[in-house]
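Visitor: I would like to learn how to read the features of a structure like this one, going from its core to its surface and then to its side-chain pairs. Could you take me through it step by step?

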Amino acid sequence: MGMFMFDIFPIIWGIFFIIIVGMFVVILVKNIGTWNKNNNSPRLSVNATVVSKRGQMRRHGTDNMHVSTSYYATFQFESGDRLELAVPSSEYGMLVEGDNGTLTFQGTRYLSFERIY
């Protein structure tokens with residue numbers, strides 16, 4: 001029985017390695033697909049209202065000392081449809097819920113929001 005474990009150990013590690021590499025490839029292909037779709041989408045500028053904002057903190061590393069924050073804003077169009085987009089931190093603080101303006105985006109890529117006063 002003991003010898004059997006030594007024979008199967010490299011197979012288990014091989015399967016584990018293939019699963020990890022496979023997951024990495026799937027994520028990479030998905031991100032490239034999203035990037036390509038955004039690049040091939042038209043740039044749209046439409047009237048919209050900022051209806052909500054949120055930040056999402058992620059801890060990295062084994063010590064949880066490295067933190068990154070992603071920022072998102074949800075925009076509502078005149079038709080009532082809504083779209084949540086990741087926004088740069090430099091613009092997140094400038095967006096206020098209830099603001100009306102012109103949202104410019106390309107696919108799922110936020111480009112700008114200009115307030116209408």
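Guide: What follows is a walk through a predicted model, taken feature by feature.

Visitor: Which residues of the largest nonpolar core touch the most other members?

Guide: A core is read by asking which of its members have many partners within it. Here the largest nonpolar core has 13 residues, and those that touch the most other members are F75, L85, V87, L95, L103, Y110 and F113. At least two residues of this core come from each of the strands β1 (43-60), β2 (66-77), β3 (82-87), β4 (100-106) and β5 (109-115), and β2, with three residues, gives the most.

Visitor: What is Y110 in contact with, once its neighbours within four places in sequence are left aside?

Guide: With those neighbours left aside, Y110 is in contact with F75, L85, A86, V87, P88, E91, L95, L103, T104 and F105. Y110 also belongs, together with F75 and F113, to one aromatic cluster.

Visitor: Is T74 buried or exposed?

Guide: Relative accessibility is the value to consult, and under 20% a residue is called buried. T74, which lies in strand β2, counts as buried because its relative accessibility is 12%; not counting residues up to four places away in sequence, T74 touches T49, V50, V51, S52, R82, L83 and E84. S68 lies in strand β2 and counts as partly exposed, at 31% relative accessibility, while its contacts, with residues up to four places away again not counted, are Q56, M57, R58 and H60.

Visitor: Which residues make the nonpolar surface patch?

Guide: A patch is read as a group of residues, and then through one of its members. The patch of about 940 Å² is made by F17, I18, V21, F24, V25, L28, V29, I32 and W35. One of these, F17, has its place in helix α1 (residues 2-40) and counts as exposed because its relative accessibility is 56%.

Visitor: How many salt bridges does a search of the whole structure find?

Guide: The search finds two salt bridges, and for each it helps to ask which parts of the chain are linked. In one, the side chains of R54 and E84 meet at 2.9 Å, N to O; this pair links distant parts of the chain, with R54 in strand β1 and E84 in strand β3, 30 residues apart. In the other, the side chains of D99 and R115 meet at 2.6 Å, N to O. Since D99 lies in the loop between α2 (89-92) and β4, and R115 in strand β5, the pair ties together parts that are 16 residues apart in sequence. D99 counts as buried, at 14% relative accessibility, whereas R115 counts as partly exposed, at 25%.

Visitor: How many aromatic pairs does the search find?

Guide: Five aromatic pairs are found, and each is described by the distance between ring centres and the angle between planes. The rings of W13 and F16 have centres 5.5 Å apart and planes at 85°, so this pair is edge-to-face; because W13 and F16 are three residues apart in helix α1, about one helical turn separates them. Y71 and Y92 form a tilted pair, with 4.5 Å centre to centre and 35° between the planes. This pair links distant parts of the chain, 21 residues apart, with Y71 in strand β2 and Y92 in helix α2. Y71 counts as partly exposed, at 25% relative accessibility, while Y92 counts as buried, at 17%.

Terms used. Residues are numbered from 1 along each chain as its sequence is written. This is a predicted model: local features need pLDDT of at least 70, side-chain atom pairs count only at pLDDT 80 or more; totals for chains, interfaces and linings use all residues. Side-chain values use heavy atoms; hydrogens and water are left out. A nonpolar core is a set of buried Ala, Val, Leu, Ile, Met, Phe, Trp, Tyr and Cys residues joined through side-chain atoms within 4.5 Å. Buried means under 20% relative accessible area, exposed over 50%, partly exposed in between (1.4 Å probe, protein chains only). Helices (H or I, at least four residues) and strands (E, at least two) are DSSP runs, numbered from the N terminus. Contact means heavy atoms within 4.5 Å. Patches are made of residues with over 30% relative accessible area and no salt bridge: like charges are joined within 9 Å, nonpolar side chains (Val, Leu, Ile, Met, Phe, Trp, Tyr) within 5 Å. Accessible areas come from the Shrake-Rupley method with a 1.4 Å probe; for residues, only the protein chains shown count as cover. A salt bridge is a side-chain nitrogen of Lys or Arg within 4 Å of a carboxyl oxygen of Asp or Glu. Rings of Phe, Tyr and Trp (its six-membered ring) pair if their centres lie within 6.5 Å; planes under 30 degrees apart count as stacked, over 60 as edge-to-face and the rest as tilted.
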